[in-house]
There are 2 protein chains.
Amino acid sequence: MTTAAEFRTETRLDDVAAVRDLAAATGYFSPSEVAIAAELVEERLQRGPASGYEFLYADGDGRLDGYACYGLIPCTLSSYDLYWIAVHPDTQGAGLGRRLLQECERRIRALGGTGVYAETSGKAQYVSTRRFYERCDYATGAVFADFYGPGDDKYVFVKRLG
Amino acid sequence: MTTAAEFRTETRLDDVAAVRDLAAATGYFSPSEVAIAAELVEERLQRGPASGYEFLYADGDGRLDGYACYGLIPCTLSSYDLYWIAVHPDTQGAGLGRRLLQECERRIRALGGTGVYAETSGKAQYVSTRRFYERCDYATGAVFADFYGPGDDKYVFVKRLG
């Protein structure tokens with residue numbers, strides 16, 4: 001079992017493919033979203049902390065079990081975006097997502113962050129994602145109807161850090 | 001008086017400085033926001049339509065009187081972001097902002113766009129900006145408390161295109 005202290009924070013060259021494989025394996029993301037997930041890892045490799053993307057990796061047995069990516073939202077003082085969080089289907093249900101999220105929040109708080117924002121779809125297949133944020137004490141900050149496409153709303157979840 | 005047909009849509013090299021000067025002259029944007037406004041123009045020059053940024057320029061007498069920048073929001077089918085809209089202080093009050101916005105909406109509709117999103121601050125000095133969107137039939141889609149900083153909420157205005 002991965003504990004918070006065991007999450008890897010350094011991005012390696014092979015994380016580009018590992019994140020692409022993991023994001024695709026979840027079945028939650030479109031091909032263009034999977035490509036963007038991998039691009040953020042590439043940008044971190046190329047630009048380092050100046051990329052604005054911080055990562056947490058949960059290494060599994062010969063693959064990535066899960067990862068999260070967060071960063072300060074440009075033009076804000078202390079608001080952070082949870083850009084990505086994903087857990088491999090074979091690892092889901094064991095609390096890894098919650099531990100990744102809590103470790104993101106701990107690090108964001110340590111950086112002076114006052115709020116965390118996470119966006120997801122309102123489609124039926126994302127109900128477990130929305131319940132996940134609610135269980136982790138996120139509030140529904142906004143729902144934008146048909147944002148991603150017809151019948152595909154955008155939910156914005158918010159957690160204020162005390 | 002500039003009419004919709006007179007707005008220039010091609011970005012020129014000198015627009016980088018012109019947009020920077022205009023954004024700064026309004027007094028509405030922070031230095032980092034002014035820098036970002038100019039960066040979007042540079043990205044349009046470098047990458048063309050692939051940048052995802054479309055521009056409308058209202059050329060005045062030896063300067064830019066106003067401009068707007070919009071584009072399809074990545075990972076959406078037909079939602080557009082109004083990234084920037086600004087009118088020179090000496091030109092404000094003559095309806096140029098409204099004409100720029102209406103021409104953006106006309107072009108977005110022609111591209112198959114179904115929604116326009118515009119973000120602004122909840123601070124007192126932006127009350128005229130918020131009233132502008134309301135007068136132009138935008139709804140308040142969300143308010144994120146303390147998003148930009150303490151006491152500086154983010155308003156998201158939304159207009160559904162029929």
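The legends below describe close-up views of a predicted model with chains A and B.

Local features are given where pLDDT is at least 70, side-chain atom pairs count only at pLDDT 80 or more, and totals for chains, interfaces and linings use all residues. Residues are numbered from 1 along each chain as its sequence is written, while chains are lettered from A and ligands numbered from 1 in the order in which they are written.

**View 1. The open sheet of chain B.** In chain B, six strands form an open sheet of mixed pairing in the order 1-2-3-4-6-5; strands (E, at least two residues) and helices (H or I, at least four residues) are DSSP runs numbered from the N terminus, and two strands pair if DSSP finds at least two bridges between them. Strand 1 (54-59) and strand 5 (139-149) of chain B are the edge strands, each of which pairs on one side only. Neighbouring strands of this sheet are turned against each other by 20° on average, direction ignored, where axes are lines fitted to C-alpha atoms, for helices over the stretch in contact, and angles run from 0 to 180 degrees between N-to-C directions. Helix 1 (residues 15-26) of chain B lies across strand 1, strand 2 and strand 3 of chain B, and runs at about 105° to strand 2; here two residues are in contact if their C-beta atoms, placed from the backbone, lie within 7 Å.

**View 2. Antiparallel pairs within the sheet of chain B.** Strands of a sheet pair through backbone hydrogen bonds, either parallel or antiparallel. Seven bridges join strand 2 (residues 64-72) and strand 3 (residues 79-87) of chain B in the antiparallel sense, with B:Tyr70 opposite B:Leu82 of strand 3. Strand 4 (residues 115-121) and strand 6 of chain B are also antiparallel, over seven bridges, and B:Glu119 has B:Val156 in strand 6 as its bridge partner. Strand 5 and strand 6 of chain B pair in the antiparallel sense over six bridges, and B:Ala142 stands opposite B:Val156 in strand 6. These two strands, 5 and 6 of chain B, form a hairpin with two residues between them, and B:Gly151 in the turn has a positive phi of about 75°.

**View 3. Where chain B meets chain A.** On the side of chain B, 17 residues are in contact with 17 residues of chain A. Helix 2 (31-47), strand 5 and strand 6 (152-160) of chain B are the elements that give two or more residues to this side, and strand 5 gives the most, with seven residues. By class, the side of chain B that touches chain A has eight nonpolar, seven polar and two charged residues, with Ala, Val, Leu, Ile, Met, Phe, Trp, Tyr, Cys and Pro counted as nonpolar, Asp, Glu, Lys and Arg as charged, and the others, Gly among them, as polar.

**View 4. The rotation axis between the copies.** A turn of 180° and a shift of 0.0 Å along the axis lay chain B on chain A with an RMSD of 0.0 Å, the superposition being by least squares on the C-alpha atoms of residues with pLDDT of at least 70 in both copies. The two copies are thus related as by a two-fold rotation axis. Of the residues of chain B, B:Ala142 comes closest to this axis, at 2.8 Å for its C-alpha atom. The same surface serves both copies, since 100% of the contact residues of chain B recur in chain A.

**View 5. Helix 3 of chain A and its surroundings.** The 15 residues of helix 3 (residues 96-110) of chain A should span 21 Å at 1.5 Å a residue, and the end C-alpha atoms are 21 Å apart, which agrees; the expected span is 1.5 Å times one less than the number of residues. Among the buried residues of helix 3 of chain A are A:Leu100, A:Leu101, A:Cys104 and A:Ile108, a residue being buried if 20 or more other C-beta atoms, placed from the backbone, lie within 10 Å of its own, exposed if 12 or fewer, and partly exposed in between. What covers the buried residues includes strand 1, strand 2, strand 3, strand 4 and helix 4 of chain A. Just after helix 3 of chain A, A:Gly112 takes a positive phi of about 90°.**View 6. Loop residues with a positive phi.** Most residues other than glycine have a negative phi. A:Asp137, in the loop between helix 4 and strand 5 of chain A, has a positive phi of about 70° although it is not a glycine. With 11 C-beta neighbours inside 10 Å, A:Asp137 counts as exposed.
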